[in-house]
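Hi,

Here is the structure I promised to send over. Have a look at it first, and my notes follow underneath.

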There are 2 protein chains.
Amino acid sequence: MRILVQKFGGTSVATPEVREQAIEHIMDALRNGYAVVVVVSAMGRKGSPYATDTLLQLVDHGECEARELDLLMSCGEIISAVVLSSALRERGLDTCVLTGGQAGIVTNDEFTNASILTIHPKRIRSELERGKIVIVTGFQGITAEGEITTLGRGGSDTTATALGVALDAEIVDIFTDVEGIMTADPRIVGDAKRLHQVTYTEICNLAYQGAKVIHPRAVEIAMQKNIPIRVRSTLSKDEGTLVTCQAELDRLEARGLADRLITGVTQTVNITQIKVAVSPSKGNQLQIFKAMADHGISVDFISVTPTGVAFTVTNQEISKAIQVLRELGYEPETLANCAKVSVVGAGIAGVPGVMAKIVEALTDEGIEILQSADSHTTIWCLVHEEDMTRAVRALHAKFNLNK
Amino acid sequence: MRILVQKFGGTSVATPEVREQAIEHIMDALRNGYAVVVVVSAMGRKGSPYATDTLLQLVDHGECEARELDLLMSCGEIISAVVLSSALRERGLDTCVLTGGQAGIVTNDEFTNASILTIHPKRIRSELERGKIVIVTGFQGITAEGEITTLGRGGSDTTATALGVALDAEIVDIFTDVEGIMTADPRIVGDAKRLHQVTYTEICNLAYQGAKVIHPRAVEIAMQKNIPIRVRSTLSKDEGTLVTCQAELDRLEARGLADRLITGVTQTVNITQIKVAVSPSKGNQLQIFKAMADHGISVDFISVTPTGVAFTVTNQEISKAIQVLRELGYEPETLANCAKVSVVGAGIAGVPGVMAKIVEALTDEGIEILQSADSHTTIWCLVHEEDMTRAVRALHAKFNLNK
């Protein structure tokens, strides 16, 4: 049995029209001889009564245990799955809807952010063997004690790849509202190109740096058993982007290491930079970061110098961060409305001249680099938010990503 | 532990305002020292996105297996339960929401109309012992194989009384949008009285004859273990109507058999009478009723005479019924827009003069009795729908039910 897992996100099942497109993809898979497991998210985004966010708004004014939030949210995918199933049956196809629990997805009891412990795919296999299209509610599982859990944001991607691994699927298709993995956000860079193949590592790095196409957790699961992922648009027949391990080998062997140094350029907004003048004692600096952690404030872009520390928080958390710092006796200097621009490439480490090219591209445009940092796969620059669009375009062009 | 089960119907949890009233009743029960199990229906009626009927409309245009309809419908009560729980927590109360399955309600696999096989109340008991208000989603259970089922219409009443039995509750409160069990529909009979006490048998007979306050199946379950039910209004502090077995004993012993001969007067509309001239051969008559059954047409008010048969169907089914009869070679005579008026009383059998009083009341009003029938607890008369209101009022007055 050749198994294909197809995951449809919220926008891919939101209206009867787009559901028809999703159904076409399912029927294509059947025509190609696959046994099909469909994973669905809740219908639509904000505004739909059955979207996750809308369901959560029902308890906005009250108190709610995480356990009960999960019960509430789980309804979104159940409704979506039954509606899709009904549309497939109308076409004469035979279906079986399974909740996360019924599909054998066992999680720990960290409600609203549970992790999959194991999957018992027996029920799915037997329904597939009976010729059914199995529709699994994404984003949810069940604990050994029978509690309903959700996997946190992006969780339907995780459901799809985890099922792909458990069922030894040939491919996992992630259907979304974009054409695939792009070299940059096409709303910013008009000539951004779709990547035909990327490695698990490349897509994870892009996702961690703000490309919202697929959840990195889902990619890491597929990577463990080397299950290929295709990131595709529901609205087109295009193949999208293939995510494999093989792609990396192909690249290194057949085309040489330098063929694709840079995978893409990404950006995140809504960042405030904080600078604190502090004497170069390890204890002082530690105290600042410990206080941030104790107050649940997530910090990024940490830079420690002899005269002080700099780091970033989200614009939303700035007043809380300032209050914490003042209680410690510091008067921080802040710069709101910054953006982080990232150049991502698996082979970036140790390649000379990459940082030089980035600095050249940005200074040629008159863009001030407020701060920079790098890892073996990514170089980040903090810029003023008003410079972000020009920065992304300049970097995209500098590395010839439109070619 | 003194346990009270409180069931709130869809209209009792539909809006924040009415939910506040429901919460008051729950807090009253806590103040009276009860451990409280709340059973909820889906929120609201038609128009609410989370009402059962609205959820079903989502698959109106497609095909749906009964199993998946149950998955879909189960979301209505889950959403309702979490929303109520959240409102209770806002008041500082500690709650625990349980789905039918988590509450230990095991059913057979007759999807959309499942029957409760057994209840394992261990989880409910342990949550109550921890001081929690346990909120159970009404109308649903789980099969031994883990399939989610619903109990059919009126199923939340059944959940409430079945939990009452399983937990050996002191009382089961059924909160609704009327004051209690009335001697007649107050929209028809202005001076209809609330009954303070009725027996299980009386309330079942009223319910079977069109009084929609509580589902007879739910009453029968409570009756098995003699768990008292109170039918009460969410919007008032009034005690409502107490349904017990004891009431019957009280009535018979303390007040004499004749104290309440008649419980109430009910009515159902939307009936068509059919008469077929047929020779008095058993085979012919059997053929007619068998054909109706084979075509899924439910018949009532059957009367067989030497010259033919008469029976009633709903107005909706009349054209189908005529077609079936014509295929058998009969030309039926039909009378649409009839109503059935019922006089219900547990002690009606063998009491002389009841039928005479009914005939007197109706003929005094110039109301034509099209057909009549009786059982040991009920006497029915078929009248023209336009006479129905006057008929109900006349019977209510004749038996002094307003006293």
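Let's start with helix H1 of chain B. Its buried residues are Val18(B), Arg19(B), Ala22(B), Ile23(B), His25(B), Ile26(B), Met27(B) and Ala29(B). Keep in mind that this is a predicted model. Among the elements that cover those buried residues are strands S1 (3-8), S2 (35-40), S6 (133-137), S9 (171-176) and S11 (229-233), along with helix H3 (66-90), in chain B. The length of the helix checks out too: H1(B) has 16 residues (16-31), which at 1.5 Å a residue should span 22 Å, and its end C-alpha atoms are indeed 22 Å apart. After H1(B) comes Gly33(B), with a positive phi near 85°.

Next, how the two chains relate. A turn of 180° plus a shift of 0.2 Å along the axis lays chain B on chain A, with an RMSD of 0.3 Å. That is what a two-fold axis does. In chain B, Cys75(B) has the C-alpha nearest the axis, 2.6 Å from it. Both copies use the same surface, as 100% of the contact residues of chain B recur in chain A.

You may wonder about the cysteines: how many disulfides are there over all chains? The count is zero, taking a disulfide as two cysteine sulfurs within 2.5 Å. Cys96(A), for one, is in no disulfide, and the nearest cysteine sulfur, in Cys64(B), is 12 Å away. Cys96(A) is also buried, at 3% relative accessible area. Cys338(B) has its closest cysteine sulfur in Cys381(B), but at 13 Å that is too far for a bond. Cys338(B) counts as buried as well, with 0% relative accessibility.

Finally, the sheet in chain B. Six strands make an open sheet in the order S14-S15-S13-S16-S18-S17, with antiparallel pairing. Strands S14 (300-305) and S17 (371-374) of chain B are at the edges; each has a single partner strand, so one side of each has no neighbour in the sheet. From one strand to the next, the twist averages 30°. S14(B) pairs with S15(B) (residues 308-314) over four bridges, in the antiparallel sense, and Ser303(B) has Ala310(B) in S15(B) as its bridge partner.

Two helices of chain B pack on this sheet. Helix H6 (residues 200-208) touches S13 (264-277), S16 (333-344) and S18 (378-384), and its direction makes about 165° with that of S16(B). Helix H11 (residues 354-364) touches S16, S17 and S18, and its direction makes about 20° with that of S18(B).

Cheers

Technical notes: Residues numbered from 1 in each chain as written. Chains lettered and ligands numbered in written order. Predicted model: local features only at pLDDT ≥ 70, side-chain atom pairs only at ≥ 80, totals over all residues. Heavy atoms only, no water. Expected span 1.5 Å × (residues − 1). Buried < 20%, exposed > 50% of the residue type's maximum accessible area, 1.4 Å probe, protein only. Contact = heavy atoms within 4.5 Å. Least-squares fit on C-alpha atoms with pLDDT ≥ 70 in both. Pairing = 2+ DSSP bridges. Axes fitted to C-alpha atoms, helices over the stretch in contact; angles between N-to-C directions.
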